[in-house]
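The following exercises invite the reader to examine a structure step by step. Each task is followed by a worked solution.

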Protein chains: 2
Amino acid sequence: MELTALTDEFDRRDWQHVTETDDPVRFAMVGLGWWTREQAMPAVASGDLCETTVLVSGDREKAESVAADSATVDHAVTYEEFHDGAASEAYDAVYVVTPNARHLPFVETAAELGKDVLCEKPMEATVDRAEQMVAACNEHDVTLMVAYRMHTEPAVRRAKDVVDAGYVGDPVFVHGNMSEPILELVPDPDQWRLDWELSGGCATMDIGIYSLNTARFLLDADPVRVQGSVASVRPEFDDVPDEHAAFQVDFPDHTFAVCTASQNAAMASHIRVTGTEGEVRVEPAFYPWDERRLHVSHGGSDIDVSFEQIDQMEEEFEYFSHCLLTGEDPYADGEHGLVDIRALKGVYEAAEDGRVVELG
Amino acid sequence: MELTALTDEFDRRDWQHVTETDDPVRFAMVGLGWWTREQAMPAVASGDLCETTVLVSGDREKAESVAADSATVDHAVTYEEFHDGAASEAYDAVYVVTPNARHLPFVETAAELGKDVLCEKPMEATVDRAEQMVAACNEHDVTLMVAYRMHTEPAVRRAKDVVDAGYVGDPVFVHGNMSEPILELVPDPDQWRLDWELSGGCATMDIGIYSLNTARFLLDADPVRVQGSVASVRPEFDDVPDEHAAFQVDFPDHTFAVCTASQNAAMASHIRVTGTEGEVRVEPAFYPWDERRLHVSHGGSDIDVSFEQIDQMEEEFEYFSHCLLTGEDPYADGEHGLVDIRALKGVYEAAEDGRVVELG
């Protein structure tokens, strides 16, 4: 593998062949929490292939207030109006970022209106609802992508280049962790992430998905079995089983991923592949504000690569928009997302029953 | 926690209060493989509290040849002669470093002769034989220590200081890995580590024990349940189930350790504790020739501590000798070692049955 592959144009968009358009993808943002306002909208504003034109919220005043601060938004509508087709001529695609268990109706409406969909991860709160989401998008022939940030994060793409080049040999193990003190980040004990009905799960579903999904991406493989343990200790987590979660994912050819996720631990993240010839690790890995580093070990030496950080949400929106503009299928389509939901729900089942759960 | 605790006298022996003796502990080395010759004997020669006086081997010529290169060895005896009590006046303690399933008879003989025992890890190939070892040492009132290197490795002791000081908050997760290409290190497909009867297990027993045991040390806790997966792929590993192993160890209070071990992967090792307030990691961690580093994360910052490396085997022999000279009980006594054997055997059982195994 060429050394320049890890030093030159580190943030190259090797997926991109259309770099400008006179007809950017117009997004309706569905759900106006801090993530949409502070992460997604600035990212879209910076992007070349997309723009935000419509805001959708349960709170009309909030939608109008946020719209007033945007140069491109022409419409602020309520959830009810959205379902009635309001302003549907003003957007091409939706970004759905409501609580997990409320994704489905917005995606169904978008699909019925012929709009493409970028839906936050995890897709939905249950396997059944996630499958309904895929069916709705298929029925109306709209593109569905699940909003994983790691597939277009340069550090992860370069780590995948390292793996794909055979530089670490055959992958043997993956270690992954994502942890955060959710009650310090969002100091509200009634937040939806701690509500099983709204979230479908806590640490496992919300952030354990990063280790699982990034392992899938790096290994180019899907899980075959899962096992693990979950625990909730603090009373704020009484409604969910997994304040903390540790789970193991067996991939084909006996590649094993061990993953941890906590909503009540120090903010930290890493993903590592140990192979027959070396290791590659991204640490920190998963938070958009991280100064990510790429670490590569081979032949008894260690390389530590630092690089210019990009805006993960801009990369993601540009990638999805690029797919729509070129007619290409996104990597993380609905079937891709379903694999995660089935595996993560398998973790809860395995933890409850104390046994391995075979997938698919 | 004082910053000097991580910078000044990093390799302090906080267990030591006797630093010299006119009466060093005289060791009989039982088993003269490369580890004894190249790691243990030089370490003892460098130590202040011990010396090697007797060599015991299945091969008299080998024993005599090695003895000829040592200034302190007066006796070279065969295994049979050892069991007959040969040269027993010339040593105070034995270091047993034969294949796992051959530890027990040497320890039994040593105990009957009233000699203290430093026995390599894992203690034995089965729980039953390990229990017999403990019983024999108890019966004859000799001291038994299992030869873990990590309890006296300064990087691990300092990591434990960090945890004990509460600097990472309450421990939530441990990640551990140890991997090596055993067939490159020991290019013999008939070696004992690949023979279930002689080893009692491969990756899990031989090197998975490092992550498990170091997690116990750092957490100051014993495991309550295990689960995991093992796999052997290459034909050289046909006699053992675990060329590769991934296993999860649940500790009290819902602290979860995820561990991997491979005898057919790149040489690599790490141990990491993620807590509610930060992280501490030793990487590389487990190989005596590593340039270990201590990494501490807290409050959004990372500290990377480099330090002078010590000889792990010298620390271990000095510690054991210190225990014998002072009459103090070693940390890793027989009961301590048994906990590992039971847990590791539980991993094989869990992997075979696809279910969690509760311990003790």
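**Exercise 1: A salt bridge in chain B**

Asp92(B) has a relative accessible area of 28% and is therefore partly exposed, where buried means under 20% relative accessible area, exposed over 50%, and partly exposed in between (1.4 Å probe, protein chains only). The model is predicted: local features need pLDDT of at least 70, side-chain atom pairs count only at pLDDT 80 or more, and totals for chains, interfaces and linings use all residues. Residues are numbered from 1 along each chain as its sequence is written, chains are lettered from A and ligands numbered from 1 in the order in which they are written, and side-chain values use heavy atoms, with hydrogens and water left out.

Task: With which residue does Asp92(B) form a salt bridge?

Solution.
- Step 1. A salt bridge requires a side-chain nitrogen of Lys or Arg within 4 Å of a carboxyl oxygen of Asp or Glu.
- Step 2. The partner of Asp92(B) is Arg26(B), with 2.9 Å between the closest N and O atoms.
- Step 3. Arg26(B) lies in strand 1 (residues 25–30) of chain B, and Asp92(B) in the loop between helix 3 (79–83) and strand 4 (93–96) of chain B; the pair, 66 residues apart, links distant parts of the chain. Helices (H or I, at least four residues) and strands (E, at least two) are DSSP runs, numbered from the N terminus.
- Step 4. Arg26(B) is partly exposed because its relative accessible area is 24%.

**Exercise 2: A salt bridge within a helix**

Task: Determine where Lys160(A) and Asp164(A) lie, and state whether Lys160(A) is buried or exposed.

Solution.
- Step 1. Both residues belong to helix 6 (residues 154–164) of chain A, four residues apart, which is about one turn of the helix.
- Step 2. Their closest N and O atoms are 3.6 Å apart, in a salt bridge.
- Step 3. Lys160(A) counts as buried because its relative accessibility is 15%, whereas Asp164(A), at 53%, counts as exposed.
- Step 4. Over all chains, a search of the whole structure finds 52 salt bridges.

**Exercise 3: The parallel sheet of chain A**

Task: In what order do the six strands of the open sheet in chain A stand?

Solution.
- Step 1. The order is 3-2-1-4-5-6, with parallel pairing; two strands pair if DSSP finds at least two bridges between them.
- Step 2. Strand 3 (75–78) and strand 6 (144–146) of chain A are the edge strands, each pairing on one side only.
- Step 3. From one strand to the next, the twist averages 25°.
- Step 4. Within this chain, strand 4 (residues 93–96) of chain A and strand 5 (residues 116–119) of chain A are joined in the parallel sense over four bridges. Ala93(A) stands opposite Asp116(A) in strand 5 of chain A.

**Exercise 4: A hairpin in chain A**

Task: How many residues lie between strand 13 and strand 14 of chain A in their hairpin?

Solution.
- Step 1. Strand 13 (residues 294–298) and strand 14 (residues 301–305) of chain A pair in the antiparallel sense over five bridges.
- Step 2. His295(A) is set opposite Asp304(A) in strand 14 of chain A.
- Step 3. The hairpin has two residues between its strands, and Gly299(A) in the turn has a positive phi of about 60°.

Methods. Axes fitted to C-alpha atoms, helices over the stretch in contact; angles between N-to-C directions.
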